[in-house]
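This report looks at one protein model through a few of its residues, helices and charged pairs. Please keep the structure in view while reading.

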Amino acid sequence: LDNFKRINDSLGHRDGDQLLKRVAKRLQRVAGEEQEVMRISGDEFVIVVSGDFARFTAQELANRVVEDFDLAYVLRANSYRMRASIGVVEHVRHGDNAFDLLTRADLAMYAAKAIGKGKDISACHVYTPELSERAERGLEFYQALQYGFLRKEFALDYRDCYTVDGTARGLLASVQWKRDGAAPLEGRELFSMVESSGFGVQLGEFQLTEACRQLQEWRAAGQVVQHVTLSVPYAQLVDGDLAGCVSECLREHAMEPSALRLIVQNRLDQTAAHVLDKLETIRSTGVQILAALTADSVFPNPAKLPADGLCSDEE
């Protein structure tokens, strides 16, 4: 079940348990008496399909479950439309056990979740070996990121920001991952990969700390830099203590709030109120928040920018 935690958090576990029972009854009704239906964890169910045409039957059944979830559930006299992400796996290899099958079904289920994510739809996906290969690459990337932070492979690159009259006023900082023996990763590609691996908060904290340290060092050396601008990983905004990190960096490096500007992508979703409260807390300190409407305005393409400038101070 997608976003089942919201039901528990908003209505309580008792109503959440009632919803799970109704989901189980609905799945059993759709599956029929020929198939086994079971709940294996909090909000995860498994349907075991047997027979000569098991894969075809399973896919047809998954499609029927998707259609059935268009019907809302009623709790406390209110309607709640739940969504389901379904992974389908077939037992075809000799020696496969239940753990192997559930692992592959899980990979297919998360692929289905990616299809429905942000669209508010139920979806299903059939397992392919490529999903296992992708998961293995993801694990390798996760480990590489861990070592990257430990080895201090991340650095900030700076570009001048200009006012419309051509006066240099500040710097735009962009983070780069300078991997040993590989081309650096940066911009939207880096943010996307880091956030999907669960390191968005850590990356954001590194950027803030390093940018404030560097600005203080430049000023101590007599260079005039009025402000530095950073793009904030969305994970840091939603899951991290961005306001606390900003306050700590400003205090530690004796920076005035106006010397720091943060770019956030305008992704107003179900967390909008929570996110806006955090942004307002930061803005109240004097730090300027710049909202970018698209990913392209958060991560501008350097190839499309003038060599000696990047953005207007008024943007």
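## A buried glutamate in a loop

The model shown here is a predicted one. A good place to start is Glu153, which is found in the loop between helix H5 (129–150) and strand E7 (154–162). Is this residue buried or exposed? Glu153 is buried, because its relative accessible area is 13%, and buried means under 20%. Leaving aside residues up to four places away in sequence, Glu153 touches Gly148, Gln176, Trp177, Lys178, Arg179 and Asp180.

Glu153 also forms a salt bridge with Arg151, and the closest N and O atoms of this pair are 4.0 Å apart. The two partners can be set side by side: Glu153 counts as buried at 13% relative accessibility, whereas Arg151 counts as exposed at 56%.

## Other salt bridges

Side chains of opposite charge can pair when their charged atoms come close. By the rule used here, the count comes to 16 salt bridges. One of them joins Arg137 and Glu130, with the closest N and O atoms 3.6 Å apart. Arg137 has a relative accessible area of 45% and is therefore partly exposed, and Glu130, at 34% relative accessibility, also counts as partly exposed.

In helix H7 (residues 200–220), Glu210 and Arg213 lie three residues apart, which is about one turn of the helix. Their side chains meet in a salt bridge, at 2.7 Å from N to O, and Arg213 is partly exposed, with a relative accessible area of 30%. Elsewhere, Arg26, Arg29 and Asp68 are linked in a network of salt bridges.

## The two faces of helix H1

Which residues of helix H1 (residues 4–11) are buried? They are Phe4, Ile7, Asn8 and Leu11. These residues cover an arc of only 100° around the axis, so they are on the same side of H1. The face turned away from this buried side carries the exposed residues Lys5, Asp9 and Ser10.

The cover over the buried residues of H1 includes helix H2 (13–31), strand E3 (73–75) and strand E4 (78–80). Just after H1 comes Gly12, which takes a positive phi of about 100°.

## A nonpolar patch on the surface

Nonpolar side chains also appear at the surface, where Met38, Ile40, Val48 and Leu102 make a nonpolar patch of about 290 Å². Of these residues, Met38 is found in strand E1 (residues 36–41), and Met38 counts as partly exposed because its relative accessibility is 32%.

## Cysteines without disulfides

A disulfide is a covalent bond between the sulfur atoms of two cysteines. How many disulfides does the structure hold? The structure holds zero disulfides, and Cys212 offers a case to work through. The closest cysteine sulfur to that of Cys212 is in Cys249, 4.7 Å away, which is too far for a bond, because a disulfide is counted only when the two sulfur atoms are within 2.5 Å.

The surroundings of the cysteines can be described as well. Cys212 is buried, with a relative accessible area of 0%, whereas Cys124 is partly exposed, with a relative accessible area of 29%.

Methods:
Residues numbered from 1 in each chain as written. Predicted model: local features only at pLDDT ≥ 70, side-chain atom pairs only at ≥ 80, totals over all residues. Heavy atoms only, no water. Patch = residues over 30% accessible without salt bridge, like charges linked within 9 Å, V, L, I, M, F, W, Y side chains within 5 Å. Areas by Shrake-Rupley, 256 points an atom, 1.4 Å probe, with all protein chains shown as cover. Helix = DSSP H or I, 4+ residues; strand = E, 2+ residues; numbered from the N terminus. Buried < 20%, exposed > 50% of the residue type's maximum accessible area, 1.4 Å probe, protein only. Contact = heavy atoms within 4.5 Å. Arc of directions from axis to C-beta.
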